[in-house]
Amino acid sequence: MNNRGIMGDSISELATKSLVLNTMSEVLTFKDVSVVRGRKELLKDVSWEVKEGQRWIVVGPNGAGKSTLMNIAATRLHPTRGTADILGERLGRVSVFDLRPLIGLSSALVANSIPANENALNVVLTAAYGMTGRWREKYEKLDERRAFRLLHEWGMSTFMNQPFGKLSEGERKRVLIARALMTDPELLILDEPAAGLDLAGREELVAQMSELAADEDAPALVLVTHHLEEVPAGFTHILMMRDGQVVAAGEIDSTLTEENLELTYGMKLKLRREDGRYSAFAGA
Ligand SMILES: Nc1ncnc2c1ncn2[C@@H]1O[C@H](COP(=O)(O)OP(=O)(O)OP(=O)(O)O)[C@@H](O)[C@H]1O
Ligand SMILES: [Mg+2]
């Protein structure tokens, strides 16, 4: 992978001090990953491979285990059983603090961890140090410029001084994506980035995700969504989950089928594809 990054410049000292990657194409290699909490198996023997350059969609009903799986991929959670290799490093054998700058994550969990009074620029900026809340770190001018540029790219530069807690749902989503891109990650995980957006906001986000998908310098992408309308054109693979297990995984063209949708959601669904976009609705 080209190490220039999608923003074309270097970033914070800490991020550049992070792991130097081997030249390899495996981004995620999960083998028989299970997560057990009490008597409940949140994930059961999940095997999944993501390679460099791939763009994945993850779907499945509420409680299927999607966010749990994303939290493992983002090093926030360790499997109870099985192995998770992330960017060539085995989770549990490597410091997660070295891996984290290489993984951008936008999720409800991340949003909830951000202090409401933090302004939008600092929400993006603090990602360079893998933390939320601006305390006593000294930020480089370069990092500040990059944070501003990312906010600008995601249409949020005029909100740079606005406290995160006072932004609308859609504005917060955009700031979180800018934040996830701040460290120029190798892997970008977006867990329901379009939830709560209005129709125009969703369509803008989908278009931007589509552009990102087409950018060969962009990181490997994993996008969790409930709505097939939110699958951006250019996404290549899909992981379909139910009850903590993989129903199907593979290239979107051959994997996203009415049969697999029925297995995933337990109901008959009609699948439509038009101009590279999908939709699904209950059918006979
Ligand atoms: N710490 C925990 N202890 C017990 N159960 C948990 C814990 N964390 C999550 N769960 C359960 O694990 C299951 C999977 O949760 P997860 O958040 O991964 O689902 P999801 O597929 O992301 O769902 P959604 O589409 O609603 O976001 C849910 O039934 C949830 O209640
Ligand atoms: Mg979830």
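## A walk from the ligand to the aromatic cluster

Let us begin at the bound molecule: ligand 1 is surrounded by 13 residues, the closest being Lys40, Gly63, Lys66, Ser67 and Thr68. A residue counts as near a molecule if one of its heavy atoms lies within 4 Å of it. Please keep in mind that this is a predicted model, in which local features need pLDDT of at least 70, side-chain atom pairs count only at pLDDT 80 or more, and totals for chains, interfaces and linings use all residues. Residues are numbered from 1 along each chain as its sequence is written, chains are lettered from A and ligands numbered from 1 in the order in which they are written, and side-chain values use heavy atoms, with hydrogens and water left out.

What sits close to the oxygen atoms of ligand 1? A polar backbone atom of Gly63 is 2.8 Å from an oxygen atom of the ligand, and a polar backbone atom of Gly65 is 2.9 Å from an oxygen atom of the ligand. The side chain of Ser67 also takes part, with an N or O atom 2.9 Å from a ligand oxygen. On its own, ligand 1 has 650 Å² of accessible area, and the protein covers 60% of this; such areas come from the Shrake-Rupley method with a 1.4 Å probe.

Two elements, β2 and α2 (66–73), each give two or more residues to the shell around ligand 1, and α2 gives the most, with 3 residues. Helices (H or I, at least four residues) and strands (E, at least two) are DSSP runs, numbered from the N terminus. By type, the shell residues divide into 3 nonpolar, 6 polar and 4 charged. In this count, Ala, Val, Leu, Ile, Met, Phe, Trp, Tyr, Cys and Pro are nonpolar, Asp, Glu, Lys and Arg are charged, and the others, Gly among them, are polar.

Strand β2 leads us on to the sheet. This is an open sheet of 4 strands in the order β2-β1-β4-β5, with antiparallel pairing. β2 (40–51) and β5 (89–90) stand at the edges with a single partner strand each, so one side of each has no neighbour in the sheet. Two strands pair if DSSP finds at least two bridges between them. Strand β1 (residues 26–37) pairs with β2 over 8 bridges, and Leu28 has Val50 in β2 as its bridge partner. β1 also pairs with strand β4 (residues 81–86), over 5 bridges, where Ser34 is matched with Arg81. Between β4 and β5 there are 2 bridges; these two strands form a hairpin with 2 residues between them, and Leu87 in the turn has a positive phi of about 50°.

Which aromatic rings link into a cluster? Ring pairs join Phe30, Trp48 and Trp56. Rings of Phe, Tyr and Trp (its six-membered ring) pair if their centres lie within 6.5 Å; planes under 30 degrees apart count as stacked, over 60 as edge-to-face and the rest as tilted. The structure holds 2 such pairs. Phe30 and Trp48 have ring centres 6.0 Å apart and planes at 80°, so they are edge-to-face. Because Phe30 lies in strand β1 and Trp48 in strand β2, the pair ties together parts that are 18 residues apart in sequence. For Trp48 and Trp56, the centres are 5.5 Å apart and the planes at 85°, so this pair is edge-to-face.

Are these rings buried or exposed? Trp48 and Trp56 are buried, where buried means under 20% relative accessible area, exposed over 50%, and partly exposed in between (1.4 Å probe, protein chains only). Phe30 is buried with a relative accessible area of 1%.

How values were computed. A polar contact is a pair of N or O atoms within 3.5 Å; within protein, one must be able to donate a hydrogen and the other to accept it, and residues adjacent in sequence count only if both atoms are side-chain atoms.
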